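Hi everyone, thanks for making time for this. I'd like to walk you through a structure that may be new to you, so please have a look at the screen.

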Amino acid sequence: MAIYCLVKLPSGVEKLIDSQCRAIIGRVSNPGHNTRTLRKVGQSRWLGRRPVVHGVAMNPVDHPHGGGEGRSKSSGSFGRVSQTPWGKPTKCGRNQERKRNGKFK
């Protein structure tokens with residue numbers, strides 16, 4: 001004959017569970033963690049996140065979009081195709097074509 005225990009779960013539901021069972025009822029300790037807003041740049045730096053710099057603001061040796069005087073028309077989104085830091089084209093090509101057609105599944 002099994003002996004049962006009445007366990008009240010965090011949701012408020014009460015369940016009868018066999019007293020021989022061994023289990024851990026997991027619960028998130030800080031459920032509001034993903035809803036908080038970082039109020040200044042320093043807070044994200046405290047979390048170890050480095051700032052993201054646009055390629056247009058870099059030098060030509062650092063990124064294909066870099067260089068020029070000010071917002072030059074020879075770099076960035078004006079005169080050149082968008083590229084990764086390694087020179088591969090982005091926002092164009094076969095992957096974008098497959099996304100538009102819905103065949104990317």
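**A short tour, starting from one leucine**

Let's begin with Leu38, which sits in the loop between β2 and α1. Leu38 is partly exposed, at 35% relative accessibility. If we leave out its neighbours within four places in sequence, Leu38 is in contact with Gln43, Ser44, Leu47 and Arg49.

Before going further, please keep in mind that what you see is a predicted model. Now, the overall layout. The protein has two helices and two strands, and read along the sequence they follow the pattern β-β-α-α. How much of the protein is buried? Buried residues make up 10% of the 105 residues. As for contacts with a separation of 6 or more, residues 24 or more positions apart account for 0% of them.

Staying in the loop between β2 and α1, let me point out Gln20. Gln20 is exposed, with a relative accessible area of 64%. Gln20 and Ala2 are 18 residues apart in sequence, and their C-alpha atoms are 8.0 Å apart in space.

Next, the cysteines. How many disulfides does a search of the whole structure find? The search finds zero. As a reminder, a disulfide is a covalent bond between the sulfur atoms of two cysteines. So why is Cys5 not bonded to Cys21? The closest cysteine sulfur to that of Cys5 is in Cys21, and because it is 9.3 Å away, it is too far for a bond; the cut-off is 2.5 Å between the two sulfur atoms. Seen from the other side, Cys21 is in no disulfide either, with the sulfur of Cys5 as its nearest cysteine sulfur. Are these cysteines buried or exposed? Cys5 is partly exposed, with a relative accessible area of 34%, and Cys21 is partly exposed too, at 46%.

Those two cysteines bring us to a pocket: Cys5 and Cys21 are among the residues that line the second largest pocket. Which others line it? They are Val7, Ile17, Asp18, Ser19, Arg22, Ala23 and Ile25. The volume of the second largest pocket is about 150 Å³. Both strands take part, as β1 (4–8) and β2 (14–18) each supply at least two residues of the lining. Sorted by class, that lining has six nonpolar, one polar and two charged residues.

My last stop is a pair of histidines. His63 lies in the loop between α1 and α2, and His65 lies in the loop between α1 (41–46) and α2 (94–101) as well. Are they buried or exposed? His63 is buried, with a relative accessible area of 8%, and His65 is buried, at 10%.

What does the side chain of His63 reach? It reaches the backbone nitrogen of His65, at 3.1 Å. The side chain of His65, in turn, has a polar atom 2.9 Å from the backbone nitrogen of Gln83. Gln83 also turns up around His63: neighbours within four places in sequence aside, His63 is in contact with Gly55, Met58, Gln83, Thr84 and Pro85.

If you turn the model on your own screen later, try following that little chain from the side chain of His63 to the backbone nitrogen of His65, and then from the side chain of His65 to the backbone nitrogen of Gln83. Thanks for listening!

Terms used: Residues are numbered from 1 along each chain as its sequence is written. This is a predicted model: local features need pLDDT of at least 70, side-chain atom pairs count only at pLDDT 80 or more; totals for chains, interfaces and linings use all residues. Side-chain values use heavy atoms; hydrogens and water are left out. Helices (H or I, at least four residues) and strands (E, at least two) are DSSP runs, numbered from the N terminus. Buried means under 20% relative accessible area, exposed over 50%, partly exposed in between (1.4 Å probe, protein chains only). A polar contact is a pair of N or O atoms within 3.5 Å; within protein, one must be able to donate a hydrogen and the other to accept it, and residues adjacent in sequence count only if both atoms are side-chain atoms. On a 1 Å grid over the protein atoms alone, a cavity is a set of points where a 1.4 Å probe fits but cannot get out, and a pocket is an open set with protein on both sides within 12 Å along at least five of seven lines; lining residues have an atom within 4 Å of a point. Grid points are joined across faces, edges and corners, and a volume is the space filled by probe spheres set on the points. Ala, Val, Leu, Ile, Met, Phe, Trp, Tyr, Cys and Pro count as nonpolar, Asp, Glu, Lys and Arg as charged, and the others, Gly among them, as polar. Contact means heavy atoms within 4.5 Å.
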